[in-house]
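Notebook open, coffee poured. I want to go through the strands and the cysteines here and jot down what I find.

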Amino acid sequence: SALSTTSTFTCVVTSGEYTDSDASTNTMTLTKLTFNVEEKSKEVEENTSAVLSCVITGITEAVTTTWTDSSDADLAGNSDYSIDQGNYGSNSQTTTLTVTNGVSSDTTFSCKVTSTEWSKTDEATAVALNVYDVTLDSKTVSSDSDQTITCAMTGLSLTATVEWKNPDGSTITSGSDDYTITDEAASGGVQNSILTIGTSRLSALSTTSTFTCVVTSGEYTDSDASTNTMTLTK
């Protein structure tokens, strides 16, 4: 316990046959492992599939894992979930839980790890699956005045990143092509991103055009983005 994470030890060998021979010197590095479980929580749109994970490090052999829901019920064999124990390699193992149909409210799951070498049995780590809702309504407008489209988000923990896309799938840049994007910070779980379309751009659009709002969590930034579309009829 007093050693550093990595320590070098040396073995010096001197001949017993010819004692005035030069000694040989060989070294080795001893790496001290520390058991750790890192949870990978997610924040996605309501009722959207999500993959949660736990990364177990500091091990020299495979561990056994189970996943439970907020009531501590074992999820093995439950058709709403898919569990992957993960493969051991390079002193680590990653286990995943796929929540096939997502959830409708913030939910906490647990990954439980059993490790013989570390004398741990069902040691639980909480993993969050938080959700938000997105409203993006289609609308009919006139082309003789600027028009706005609002991507309204609720249930957010932190300010999300929002990307708007043109009917052709390209990313919209605020201040370009007569578009203006106004992004509000999340407050009380509510956040709005407003796309303003100027008259010159409106006149160039087809009679019906599809715009897309892509939302990525600001709390767990490696979460899958949500994609919502609306139809603008001119």
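**Entry 1: the sheet.** I started with the strand order, keeping in mind that this is a predicted model. I get an open sheet of four strands, in the order β3-β5-β8-β7, with antiparallel pairing. Both β3 (36-40) and β7 are edge strands with a single partner strand each, so one side of each has no neighbour in the sheet. From one strand to the next, the twist averages 15°.

**Entry 2: walking across the pairs.** I went through the pairings in sheet order. β3 and β5 are antiparallel and share five bridges. For a register point there, I noted that N36 has T57 in β5 as its bridge partner. Next come β5 and β8, antiparallel again, with eight bridges joining them. Here A50 stands opposite V99 in β8. Finally, strand β7 (residues 81-84) is joined to β8 by four bridges, also antiparallel. My register point for that pair is D84, whose bridge partner in β8 is T96.

**Entry 3: the two faces of β8.** Which side chains of strand β8 (residues 92-99) are buried? I looked up the strand residue by residue and found an alternating pattern. Q93, T95, L97 and V99 point to one face and are buried. S92, T94, T96 and T98 point to the other face, and these are not buried. So V99, which I had noted opposite A50, belongs to the buried set, while T96, the partner of D84, is on the other face.

**Entry 4: I83 on the edge strand.** I picked I83, which lies in strand β7, to see what surrounds a residue there. Buried or exposed, or something in between? I83 comes out partly exposed, at 30% relative accessible area. Setting aside neighbours within four places in sequence, I83 has contacts with W67, L75, A76, T96 and L97. Two of these, T96 and L97, I had already listed in β8, on opposite faces of the strand. I also checked T66: its C-alpha atom is 8.2 Å from that of I83, and the two residues are 17 apart along the chain.

**Entry 5: the disulfide that involves β5.** Over to the cysteines. The count comes to two disulfides. One is formed by C54 and C111, with the sulfur atoms 2.0 Å apart. C54 lies in strand β5 (residues 50-57) and C111 in strand β9 (residues 107-115), so the link ties together parts that are 57 residues apart in sequence. I read -90° about the S-S bond, which goes down as left-handed. C54 is buried, at 0% relative accessible area, and C111 is buried with 0% too.

**Entry 6: the other disulfide.** C151 is joined to C213, S to S 2.0 Å. Where do the two cysteines sit? C151 is in strand β12 (residues 147-154) and C213 in strand β16 (residues 208-216), 62 residues apart, so I logged the pair as linking distant parts of the chain. The S-S torsion is about -85°, so this disulfide is left-handed. At 0% relative accessibility C151 counts as buried, and C213 is likewise buried at 0%.

**Entry 7: loose ends.** Numbering the bonded cysteines in sequence order, I wrote the pairing as 1-2, 3-4. I looked up C11 as well: at 45% relative accessibility, C11 counts as partly exposed.

Terms used: Residues are numbered from 1 along each chain as its sequence is written. This is a predicted model: local features need pLDDT of at least 70, side-chain atom pairs count only at pLDDT 80 or more; totals for chains, interfaces and linings use all residues. Side-chain values use heavy atoms; hydrogens and water are left out. A disulfide is a pair of cysteine sulfur atoms within 2.5 Å. Buried means under 20% relative accessible area, exposed over 50%, partly exposed in between (1.4 Å probe, protein chains only). Two strands pair if DSSP finds at least two bridges between them. Contact means heavy atoms within 4.5 Å. Axes are lines fitted to C-alpha atoms, for helices over the stretch in contact, and angles run from 0 to 180 degrees between N-to-C directions.
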